[in-house]
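Biologist: Before we discuss any detail, could you put the chain and its model on the screen, so that we can go through them together?

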Amino acid sequence: MYNNLGAQPGVPRPPVNPQPAPFGNAFYGAGSGLIRGGLGAYGEKILGSSSEYVQSNISRYFSDPQYYFQVNDQYVRNKLKVVLLPFLHRGHWTRITEPVGGRLSYKPPIFDINAPDLYIPFMAFGTYVVLAGLSLGLQGKFSPEVLNWLFVKGLFGWFLQVMLLKVTLLSLGSGEAPLLDIMAYAGYTFTGLCLAVLGRIVWRYSYYFLMPWTCLCMGVFLVKTMKRVLFAEVRSYDSSKHHYLLLFIALVQFPLFTWLGNISVNWLF
């Protein structure tokens, strides 16, 4: 009867109430609760595993930067002796471990002479740039632009050394060494360069003796370090390939040192 009224003005249309479903709300509430609970647990699992994966990779490849600056005067003196006079190092070249949180961790540099640090590389790099600028100033060729190019040249040389060590590790199937470890070992290059450039400033001809000596010492230091420290993570490798790569690392130091030690206005040469 009311359906035949249509939309006549002045006549209210009664509301049409659907039959309530006695179990609909209960099923809906239970279903939505299960869905929310399942998605929440799944999301937490994904986020938790992702967070653990990111943290594990960060610690594996970058480690803790503060670790590399835990040094003292005694460590700096002994480390410089090892880098500049590796033939006189009578101790072992392996790093010392200690249990931390249920797993083995390397001791910081202040307690281990074989541990890498970034204090010496950064100080040596800054000293190298200053000595290079002083050398150019004594020749009457100093300018702020040239000093900037020497800074870029030093950074690029550091980068080349890092890439050399990293590619060597990857070729042997061990690319999991922390990046800061490799940066530290590569940065020790500037300790020998500082000695060679300082020798040129004091007495010009001493450069031709100090440069080959520092190249040889850096090559021996890297060979010992890579063989006993970084290559310890390699479980299987070809012995002949292993020795060829070590020899290659040592030989590359000569052209790299010669290029970085050539202080001139043109930073490419």
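Biologist: In which helix does V220 lie?
Modeller: Bearing in mind that this is a predicted model, I would place V220 by the helix whose residue range takes it in. That range is residues 207-230, and the helix is α7.

Biologist: Is V220 buried or exposed, and which residues does V220 touch once those up to four places away in sequence are not counted?
Modeller: The relative accessible area of V220 is 19%, and the cut-off for a buried residue is under 20%, so V220 counts as buried. In the same region of the model, V220 and L84 are 9.7 Å apart in space, C-alpha to C-alpha, although 136 residues separate them in sequence. With residues up to four places away left out, the residues that V220 touches are P86 and F87.

Biologist: How many disulfides does the model hold, and why does C215 form no bond with C217?
Modeller: A disulfide needs two cysteine sulfur atoms within 2.5 Å, and the closest cysteine sulfur to that of C215 is the one in C217, which is too far away for a bond. C217 is likewise in no disulfide, its nearest cysteine sulfur being that of C215. The separation is 9.4 Å, and the count of disulfides comes to zero.

Biologist: Are C215 and C217 buried or exposed?
Modeller: For C215 the relative accessible area is 2%, which places this residue among the buried ones. For C217 the relative accessibility is 1%, and C217 too counts as buried.

Biologist: What is the pattern of helices and strands along the sequence?
Modeller: The secondary structure of the protein chain comes to eight helices and two strands. Read along the sequence, these elements follow the pattern α-α-β-β-α-α-α-α-α-α.

Biologist: How do strands β1 and β2 run, and which residue in the turn has a positive phi?
Modeller: Strand β1, residues 97-100, is joined to strand β2, residues 103-106, by four bridges, and the two strands run antiparallel. Within this pairing T97 stands opposite Y106, while the bridge partner of E98 is S105. The strands form a hairpin with two residues between them, and the turn residue with a positive phi, of about 65°, is G101.

Biologist: What span does helix α3 reach from its first C-alpha to its last, and which residue just after α3 takes a positive phi?
Modeller: Helix α3 covers residues 119-138, which is 20 residues, and at 1.5 Å a residue a span of 28 Å is expected; the model comes close to this, at 29 Å. Its buried residues include I120, P121, F125 and Y128. Just after α3 a positive phi of about 75° is taken by G140.

Biologist: Why is helix α6 largely enclosed by the rest of the structure?
Modeller: Helix α6, residues 189-202, reaches 21 Å from its first C-alpha to its last, close to the expected 20 Å. Among its buried residues are F190, L193, C194 and R200. The helix is largely enclosed because its buried residues number 10 of the 14.

Biologist: Which residues does the UniProt annotation "transmembrane region" cover?
Modeller: The annotation comes from an unreviewed UniProt entry, and two of its ranges can be set beside the model. Residues 118-138 are 95% helix and 0% strand, with end C-alpha atoms 30 Å apart, and residues 179-199 are likewise 95% helix and 0% strand, with end C-alpha atoms 32 Å apart. According to the record, the ranges covered are 118-138, 150-172, 179-199, 205-223 and 244-265.

Biologist: Where in the protein chain is confidence lowest, and where is it highest?
Modeller: The mean pLDDT of the protein chain is 78, and 69% of its residues reach 70 or more. Over residues 42-61 the pLDDT is below 50, and beyond near neighbours in sequence this stretch has 10 contacts in the model. Confidence is lowest in helix α1, residues 24-61, at a mean of 46, and highest, at 95, in helix α2, residues 73-84.

Notes. Residues numbered from 1 in each chain as written. Predicted model: local features only at pLDDT ≥ 70, side-chain atom pairs only at ≥ 80, totals over all residues. Heavy atoms only, no water. Expected span 1.5 Å × (residues − 1). Buried < 20%, exposed > 50% of the residue type's maximum accessible area, 1.4 Å probe, protein only. pLDDT = per-residue confidence, 0-100. Contact = heavy atoms within 4.5 Å. Pairing = 2+ DSSP bridges. UniProt positions renumbered as here; feature names shortened; annotations may be inferred.
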